[in-house]
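Reader: I have just opened this structure and would like to learn how to read it. Could you walk me through a few features?

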Amino acid sequence: MRYYDQHLHTYFSPDSRETFENYLNLTDLPLISTEHLDFFSPLQRADDVIPDYDGYSAKVEELNATYDNCLLKGIEVGFTYADRHRIEEFLAGKDYDLKLLSIHHNGRHGFMTLNHDQKPLDIHLDEYFSLMLEAVQAAPYANVLAHFDFGLRGYDDVQLQELERKEAILTKIFRTMIRQDQALELNTRSMYRYDNAHLYDYAIGLYKQLGGNYFTVSSDAHRASDYQLRFSDAFNMLRKHNVKQLVTFQNSEANFVALPN
Ligand SMILES: [Zn+2]
Ligand SMILES: [Zn+2]
């Protein structure tokens, strides 16, 4: 099997209007979308984002009858500890091929809309990574940690040294993931749209040094034009770290595939 993009959104996510067909017309590879699940607190005055699983499953089944690609089912779980039971209840009995784990907000505000002029990065990183540690510890069912740098996207020019200062907690996060066979995602949108490739270079090295060998490369596309965004650059970065294979998930089972040339 060849490697395929494992993080993308369609109109089944509220922040995307893209159709499956537009992705399918670009590729003969398997296609998996990972639609948002996010619960919000009353403080946030936002509606919970709950995927329409039945509608989604019916659409995937219909497309599988028409296209040769092999469509799979995915979800991006926006984790908060407060919502852990609601998340588990939602997932119970549903057969997703792939579950991504994301930390999008802290129950008070989203990390993309953070007022980074007022909160020093160092303090923010302590909070963000402690939420991430809590997430990986409480969500062993997840297959992949998505965009580990999501909480940094609101800050410009994050220096490597600023991340290196958090190596102790990152080590705990990665050790937990490795124990649970959870993959580290190279999110090419973060790497090349938010200019965080240097932070990924560091994270790959640390995760690998700790014994991790589950990697995914994903675009986080919200429109078909971003499908497999700059994959060859991300593959080259992995090659530099002597990584030779990637993982894909079907029915929550990891399968190794060769790193594409
Ligand atoms: Zn996300
Ligand atoms: Zn996403």
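Author: Gladly! Let us begin with a term: a residue counts as buried when its relative accessible area is under 20%. Keep in mind that this is a predicted model. D220, with a relative accessible area of 3%, is buried.

Reader: And what is the relative accessible area of E76?

Author: For E76 the value is 1%, and this residue is buried too.

Reader: Which residues coordinate the zinc ion (ligand 2)?

Author: Both of the residues we just met take part: the zinc ion (ligand 2) is held by E76 (OE) and D220 (OD), together with H7 (NE2) and H9 (NE2), at 2.1 to 2.4 Å. Along the chain, these donor residues follow the spacing H-x1-H-x66-E-x143-D. E76 lies in strand β2 (residues 71–78), while D220 sits in the loop between β6 (215–218) and α9 (231–240), so the pair, 144 residues apart, links distant parts of the chain.

Reader: How do I judge the geometry of such a site?

Author: Start from the ideal: four tetrahedral donors have angles of 109.5 degrees. Here the angles among the four donor atoms of the zinc ion (ligand 2) run from 78 to 167 degrees, and the site is irregular.

Reader: What coordinates the zinc ion (ligand 1)?

Author: Its donors are E76 (OE), H104 (NE2) and H147 (NE2), at 2.1 to 2.2 Å. H104 and H147 are both buried. E76 coordinates both zinc ions, which are 3.5 Å apart.

Reader: How should I read the sheet?

Author: The general idea is that strands of a sheet pair through backbone hydrogen bonds, either parallel or antiparallel. In this model, six strands form an open sheet with parallel pairing, in the order β1-β2-β3-β4-β5-β6. At the edges stand β1 (31–38) and β6, each with a single partner strand, so one side of each has no neighbour in the sheet. Between β1 and β2 there are eight bridges, and S33 has K73 in β2 as its bridge partner.

Reader: Last one: which residues of α9 are buried?

Author: A helix first, in general: an α-helix has 3.6 residues a turn, so residues three or four places apart point the same way. In α9, the buried residues are F231, A234, F235, M237 and L238. Seen down the axis of α9, they fall within an arc of 155 degrees, so they line one face of the helix. Among the elements covering them are β5 (183–187), α8 (197–209) and β7 (245–250). Just after α9, N242 has a positive phi of about 65 degrees.

Methods:
Residues numbered from 1 in each chain as written. Chains lettered and ligands numbered in written order. Predicted model: local features only at pLDDT ≥ 70, side-chain atom pairs only at ≥ 80, totals over all residues. Heavy atoms only, no water. Donors = N, O, S within 2.8 Å, 3.2 Å for Na, K, Ca; no water. Tetrahedral: all angles 85-135°; square planar, octahedral: opposite > 155°, others 65-115°. Helix = DSSP H or I, 4+ residues; strand = E, 2+ residues; numbered from the N terminus. Buried < 20%, exposed > 50% of the residue type's maximum accessible area, 1.4 Å probe, protein only. Pairing = 2+ DSSP bridges. Arc of directions from axis to C-beta. Contact = heavy atoms within 4.5 Å.
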